[in-house]
Amino acid sequence: MRQFTLPDLGEGLEEAEIVTWYVNEGDHIVTDQPLVSVETDKAVVEIPAPSSGRIARLFGAKGDIVKVGAPLVEFAEDAGQDTGTIVGELDTGEQRPAPATASPPSGQGAQVFPAVRALARKLDVALDLVEATGPGGTITRADVERAAKRMSHSGPAEPLRGLRRAMAQRMTAAHAEIVPATVTDEADIDDWRQGEDVTIRLARAIAAACKAEPALNAWYHSDTGERRLIERIDLGIAVDTGGGLIVPVLRNVAERSVSDLRAGLDRLRADAIARAIPPEELRGATITLSNFGMIGGRFANLIIVPPQTAIVGAGRISERVVALRGQVAVRRTLPLSLTFDHRVVTGGEAARFLVVLKSDVERIS
């Protein structure tokens, strides 16, 4: 028997979730025939057969998480040897079982008497979620009953999958590494023409601010302590989907026309929502825009994804009372938030960036 393992899908991805099997055990298949589709934090990827032959065994079912290098398919001995156009390689070595997942100790190390443990099993309460209030950190019957009552008002526990699982991992890593600081301001956009394209105006304003303060259009690699200033501005655009957040990249925003940017953004957003966006469209952002005001909120302390050094947030446009040439006036304003990595960006650089950003947004086109 020979095994085909989950290939390296690029971008440092370590695992994927099985979405759909296209074959069954015992099927005879041909090279490049679709085997399985898997979901990563980037996209849904279809993996073709590496060779022709008969399938002896499938590893994993829909919803299972498979590590890169773990077995996907076992071929019968008569399977063909050609490798086709597969994204990985056919593994003809020894079987490499998928790594086992260790379970945390019950009760997070708290003392639990057998009768209380039996009660927890009866009420379907996970002891590691129970707060111990007994002497010396002991979990009591009352603790278990209180946890069961609390859980009765909530839905069933469900593991994070796909985009949400990847988001949790990425945000945890960003929180552990980045040293964030945020500055805010409001732009007066009352003089904008009717139907102004907010996102494209913001994209072009970010490009102008990056040219004025290049430190915010940069990558910082903390493992080597190296910063790289980037001349071209490739803007990540946060897109909210039903399955989670996707950030496609709008390329070279400083050199493109308004119509070209809008067409490109429409295409990226449609592909992101359909989960059909090519992986290369999700790579290499140099700075990110989150236009969360389309949903709600004014200002935000946003999360920077390394190796980027900054993210711009735009809040909800609203009418506000302001002072205008010594008079009280009601004007439409756009809240702006700039979160930057204070390890490599100074407060002065961030403030100057925000000044240019606001000035460009307020400019009458």
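Angles under 35 degrees count as roughly parallel, and angles over 145 as roughly antiparallel. Keep that in your pocket for the first exercise. One more thing before we start: this is a predicted model.

**Exercise 1. Work out how helices α1 and α2 lie relative to each other.**

Step 1: find the two helices. α1 covers residues 114–123 and α2 covers residues 141–151.

Step 2: look at their geometry. They pack at an angle of about 10°, and their axes are 9 Å apart.

Step 3: compare with the cut-off. Angles under 35 degrees count as roughly parallel, so α1 and α2 are roughly parallel to each other.

Step 4: see who does the touching. Ala115, Val116, Leu119, Ala120 and Leu123 of α1 meet Arg141, Val144, Glu145 and Ala148 of α2.

**Exercise 2. Get an overview of the chain: count its helices and strands, and find what share of its residues is buried.**

Step 1: count the elements. You should end up with 6 helices and 22 strands.

Step 2: check the burial. Of the 365 residues in the chain, 42% are buried.

Step 3: ask how far apart in sequence the touching residues are. Among contacts with a separation of 6 or more, 64% are between residues 24 or more positions apart.

Step 4: turn to the outside. The accessible surface comes to about 19,200 Å², and carbon and sulfur atoms account for 51% of that.

**Exercise 3. Put the strands of the open four-stranded sheet in order, and say which ones stand at the edges.**

Step 1: follow the pairing across the sheet. The order is β5-β4-β2-β7, and the pairing is antiparallel.

Step 2: pick out the edges. β5 (44–48) and β7 (65–67) each have a single partner strand, so one side of each has no neighbour in the sheet.

Step 3: add the twist. From one strand to the next, it averages 40°.

Step 4: zoom in on one pair. β4 (residues 34–39) and β5 run antiparallel and are joined by 5 bridges. For example, Pro34 has Pro48 in β5 as its bridge partner.

Step 5: see what lies across the sheet. Helix α3 (residues 162–177) lies across β2 (15–21), β4 and β7, and runs at about 180° to β2.

**Exercise 4. Describe the surroundings of strand β19, then of its residue Ser290.**

Step 1: check both faces of β19 (residues 287–290). Ile287 and Leu289 are buried on one side, and Thr288 and Ser290 are buried on the other.

Step 2: find the partner strands. β15 (residues 235–237) runs parallel to β19 and is joined to it by 3 bridges, with Ile237 opposite Leu289. β20 (residues 310–314) also pairs with β19 in the parallel sense, over 3 bridges.

Step 3: focus on Ser290. Its bridge partner in β20 is Gly313. Buried means under 20% relative accessible area, so Ser290, at 13%, counts as buried.

Step 4: list its contacts. Leaving out residues up to four places away in sequence, Ser290 touches Ala238, Leu302, Ile311, Val312, Gly313 and Ala314.

**Exercise 5. Decide whether Thr333 is buried or exposed, and find its side-chain polar contact.**

Step 1: locate the residue. Thr333 is in strand β22 (residues 327–341).

Step 2: apply the burial cut-off again. Thr333 has 4% relative accessibility, so it counts as buried.

Step 3: look for the polar contact. The side chains of Thr333 and Glu186 are joined by one of 3.4 Å.

Step 4: widen the view. Beyond its neighbours within four places in sequence, the residues in contact with Thr333 include Glu186, Ala187, Ile189, Arg316 and Val322.

Key: Residues are numbered from 1 along each chain as its sequence is written. This is a predicted model: local features need pLDDT of at least 70, side-chain atom pairs count only at pLDDT 80 or more; totals for chains, interfaces and linings use all residues. Side-chain values use heavy atoms; hydrogens and water are left out. Buried means under 20% relative accessible area, exposed over 50%, partly exposed in between (1.4 Å probe, protein chains only). Contact means heavy atoms within 4.5 Å. Accessible areas come from the Shrake-Rupley method with a 1.4 Å probe; for residues, only the protein chains shown count as cover. Two strands pair if DSSP finds at least two bridges between them. Axes are lines fitted to C-alpha atoms, for helices over the stretch in contact, and angles run from 0 to 180 degrees between N-to-C directions. A polar contact is a pair of N or O atoms within 3.5 Å; within protein, one must be able to donate a hydrogen and the other to accept it, and residues adjacent in sequence count only if both atoms are side-chain atoms. Angles under 35 degrees count as roughly parallel, over 145 as roughly antiparallel, 65 to 115 as roughly perpendicular and the rest as oblique.
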